[in-house]
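Biologist: I'd like a close look at one part of this model, with its surroundings filled in. Please pick a piece from the middle of things and walk me through it.

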Amino acid sequence: MSGAPNFLPPYWEAQAARPRFSMGSKVRVRSGAPLGHVRTPWYIRGKVGVVERIAGHFADPQELAYRRDGLPKQPLYRVRFALEDLWSGEAGYDRRDTLDVELYESWLEPFWDYGGDFEAQAKRLEAEGGGHAA
Amino acid sequence: MPHDGHDHGPLSPSGHPYRPDQDAPLTHSQILEIAVRELLIEKGVATAEEIQAQIERMDARSPALGARVVARAWSDPEFKALLLADGSEACRQFGVEVEAMKLLVVENTDEVHNLIVCTLCSCYPRNLLGLPPDWYKQRAYRTRAVREPRTVLAEFGVALAPEVSVRVHDSTADMRYLVLPRRPDGTEGWTEERLAALVTRDSMIGVGVARTLEAAG
């Protein structure tokens, strides 16, 4: 990587700088486990939250940790999760209690809401005789 | 010294046993710090005086600075609006540099209680609050604050009404967080200096609330 040019053609530079998500977007945190310096806590990987705000653009710490320049800068988001969704299976959470986490764009993917989780949907279809469960 | 044919053993001249030294062997990080510091001096990168001066600069920062910012926000609605919209800029205007990090100020109200944690390490607004307390860096706080914040708050003596919702902020990247605590009742017309005395470190992390008038005396 160190030999690669640290610039992008203008079009890509602009694309990289443009935040992919906006306030209120539903996003899912990637559930990958890459090696190296990572600033995405384990406990939110794979979880779904809502973009609370775009916090700005920052050099990528996953690159900075290895003395690379971390460019182009990445959009940094604050994503809000319901505690109940994070610690699923644990009763007693107030639905309004939340957790905000700062996440870089490369860790987020759009979440398309199909009106509930797939398992529930599959069961419903089965009950309706849709036969799509298999 | 033995005399009269008997031995006082490990007793001090006052007649009490000597307390054992509490020196433990240096940890890996302590050895590393000494080695790097000595190398920096040896190679002429920094002088011992410069390193000492930097330590003193860090030690000089204390929660009193954050308390002054909070007291200003309680007294000046315009400053408060700016502080909540752009914490770094508000602090700059107040005369405190927050450096490269962006300061995000979150307000505690009758409906919302904010709590700050850094689960990955110990990110903390040092320029405003000084060095973080030991418990802030410990695993128990870092793991529990995001999982059972209400229980953690209760242990810190903060009893939240059930209608108050909790907002935990995990400081994982380039933001630094300061909680703007709720202004205690009965402090109308107070000077900023008097108000600042009510603002505790813990109230700015969110594990406490500002001192009440009774507590302040």
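Modeller: What follows is a close look at one strand, and then at what lies around it.

First, the ground rules: this is a predicted model, so local features need pLDDT of at least 70 and side-chain atom pairs count only at pLDDT 80 or more, while totals for chains, interfaces and linings use all residues. Residues are numbered from 1 along each chain as its sequence is written, with chains lettered from A and ligands numbered from 1 in the order in which they are written.

My pick is β4 of chain B, residues 175-180. Helices (H or I, at least four residues) and strands (E, at least two) are DSSP runs here, numbered from the N terminus. Six of the six residues in β4(B) are buried, where buried means 20 or more other C-beta atoms within 10 Å of a residue's own, exposed means 12 or fewer, partly exposed is in between, and C-beta atoms are placed from the backbone. Met175(B), Tyr177(B) and Val179(B) point one way, with Arg176(B), Leu178(B) and Leu180(B) pointing the other. So that you don't skip past it: the arginine, Arg176(B), is buried too.

Next door is β1(B), residues 102-107, which runs parallel to β4(B) and is joined to it by six bridges; strands pair if DSSP finds at least two bridges between them. Across that pairing, Val179(B) has Val106(B) opposite.

Now zoom in on Leu178(B). Neighbours within four places in sequence aside, its contacts (C-beta atoms, placed from the backbone, within 7 Å) are Gly66(B), Gly87(B), Leu103(B), Val105(B), Pro125(B), Leu128(B) and Met204(B). Leu178(B) is also one of the residues with the most contacts inside the largest nonpolar core, which has 61 residues; Leu103(A) and Val70(B) are among the others. Such a core is a set of buried Ala, Val, Leu, Ile, Met, Phe, Trp, Tyr and Cys residues joined through C-beta atoms within 7 Å. Helix α3(B), residues 63-75, gives this core its largest share, seven residues.

Stepping back, chain B has 12 helices and four strands. Its radius of gyration, taken over C-alpha atoms, is 23 Å, well over the 17 Å from the globule rule (2.2 Å times the number of residues to the power 0.38) for 217 residues, so chain B is more spread out than a compact globule. The C-alpha trace spans about 80 × 50 × 40 Å along its principal axes, and 31% of chain B's residues count as buried.

Note on methods:
Contact = placed C-beta atoms within 7 Å.
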